[in-house]
Each structure stands twice: as structure tokens, then as C-alpha cells.
Amino acid sequence: MLTATVSGSFHRHMDVITRAVYELATLFVRVLSPSDPRVVAQQGEFLFVASDPVRSVRLVQDRHLESIRAANFLWLVCPDGYVGQSASMEIGFAAGAGVPIFATHPPS
């Protein structure tokens, strides 16, 4: 089974990120992170989703990066071309780790 990690702006595109996670699952792609994208908590500007086992920003970020490294590909969600700082860093991390990056819309 293929695995993916999904990246994008949680603040601007959470509805599209959620759809992407569920659509990938219908294609038999296991999403490593966020596996359950329902927002359940917030710390400052940082949003925690249901699949975040702890409420530590650093641990969630580290786990997401490890999910990128372990995935067959990174799925970038940027329907309007917008890619924020976190997703930009995740793209660079994926590129550095040799993980292919795919998106339905080109980032601006």
C-alpha cells in the first residue's frame, strides 16, 4: 500500500486538506500525517488535529517530518497557490529526503 503525508496551510485550506486525506484513502493510499485532520485544539496559531497524540507543537512537527521521510510521497494542498512557512519547510524537507512531491495546483 502506498503511503503519503499531506501538507498545506491548515488555516487557509483545512477543508481541502481534509478532503484530500479522505480521497487518498479511497484510492488505498494510507495517509501517515495528518491521518485524522479534524481540528481539536489550538495553541496560539498552531492547530492540533485529532491524530496528534500529544499537544506539543515541537513533537507534532517532528512527527510530521518523520511521516514525510517515511512516506512514498508528499501531497501538497495549495488550491490558490498559497504555501505558508510550515508547508514551504516541509517541501524542502521532502526534497532533501528524496521524497516525491505532488500537487493538483502549482504553488505560487
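**A short tour of the fold, starting from V31**

Hi everyone, let me begin with one residue. V31 touches A4, V6, V21 and L24, leaving aside residues up to four places away in sequence. Please keep in mind that this is a predicted model.

So where does V31 belong? V31 is part of the largest nonpolar core, a group of 12 residues. The other members are A4, V6, M14, I17, A20, V21, L24, V29, V49, F73 and V77. Four elements each give two or more residues to this core: strand 1 at 2-8, helix 1 at 10-26, strand 2 at 29-33 and strand 5 at 73-77. And which element gives the most? That is helix 1, with 5 residues. There is also a second, separate core of 5 residues, and among them are I68, L74, A94 and V99.

Now let's look at the sheet. Here 4 strands form an open sheet, in the order 2-1-5-6, and the pairing is parallel. Strand 2 and strand 6, which covers 101-103, are the edge strands, each pairing on one side only. On average, neighbouring strands of this sheet are turned by 35° against each other, ignoring direction. In the middle of that order, strand 1 and strand 5 run parallel and are joined by 5 bridges. If you want one pair to find on your screen, try S7, whose bridge partner in strand 5 is L76. Helix 1 packs on the sheet, where helix 1 touches strand 1, strand 2 and strand 5, and its direction makes about 135° with that of strand 5.

Next comes helix 2. This helix, residues 57-70, lies across strand 1, strand 2 and strand 5, and runs at about 135° to strand 1. Here is a little check on its length. At 1.5 Å a residue, the 14 residues of helix 2 should span 20 Å, and the end C-alpha atoms are 20 Å apart, so the two agree.

Which residues of helix 2 are buried? They are V60, H64, L65, S67 and I68. These buried residues cover an arc of only 155° around the axis, so they sit on the same side of helix 2. The face turned away from that buried side carries the exposed residues R58 and A70. As for what covers the buried residues of helix 2, the cover includes strand 1, strand 2, strand 4, strand 5 and helix 3, at 85-97. You may remember I68 from a moment ago: I68 is buried in helix 2, and I68 is also one of the residues in the second core.

Strand 4 brings us to the hairpin. Strand 3, residues 39-43, and strand 4, residues 46-49, run antiparallel, with 4 bridges joining them. One example is Q42, whose bridge partner in strand 4 is L47. The hairpin has 2 residues between the strands, and G44 takes a positive phi near 65° there.

Let me finish at the sheet's edge, with A103 in strand 6. Is A103 buried, partly exposed or exposed? A103 has a relative accessible area of 35%, and because that lies between the cut-offs of 20% and 50%, A103 counts as partly exposed. Not counting residues up to four places away in sequence, A103 touches W75 and L76. And L76 is the residue we met as the bridge partner of S7. Finally, A103 and P34 are 69 residues apart in sequence, and from C-alpha to C-alpha they are 16 Å apart in space.

Thanks for listening!

Terms used: Residues are numbered from 1 along each chain as its sequence is written. This is a predicted model: local features need pLDDT of at least 70, side-chain atom pairs count only at pLDDT 80 or more; totals for chains, interfaces and linings use all residues. Side-chain values use heavy atoms; hydrogens and water are left out. Two strands pair if DSSP finds at least two bridges between them. A nonpolar core is a set of buried Ala, Val, Leu, Ile, Met, Phe, Trp, Tyr and Cys residues joined through side-chain atoms within 4.5 Å. Buried means under 20% relative accessible area, exposed over 50%, partly exposed in between (1.4 Å probe, protein chains only). Contact means heavy atoms within 4.5 Å. Axes are lines fitted to C-alpha atoms, for helices over the stretch in contact, and angles run from 0 to 180 degrees between N-to-C directions. The expected span of a helix is 1.5 Å times one less than its number of residues. The arc is that of the directions from the helix axis to the C-beta atoms.
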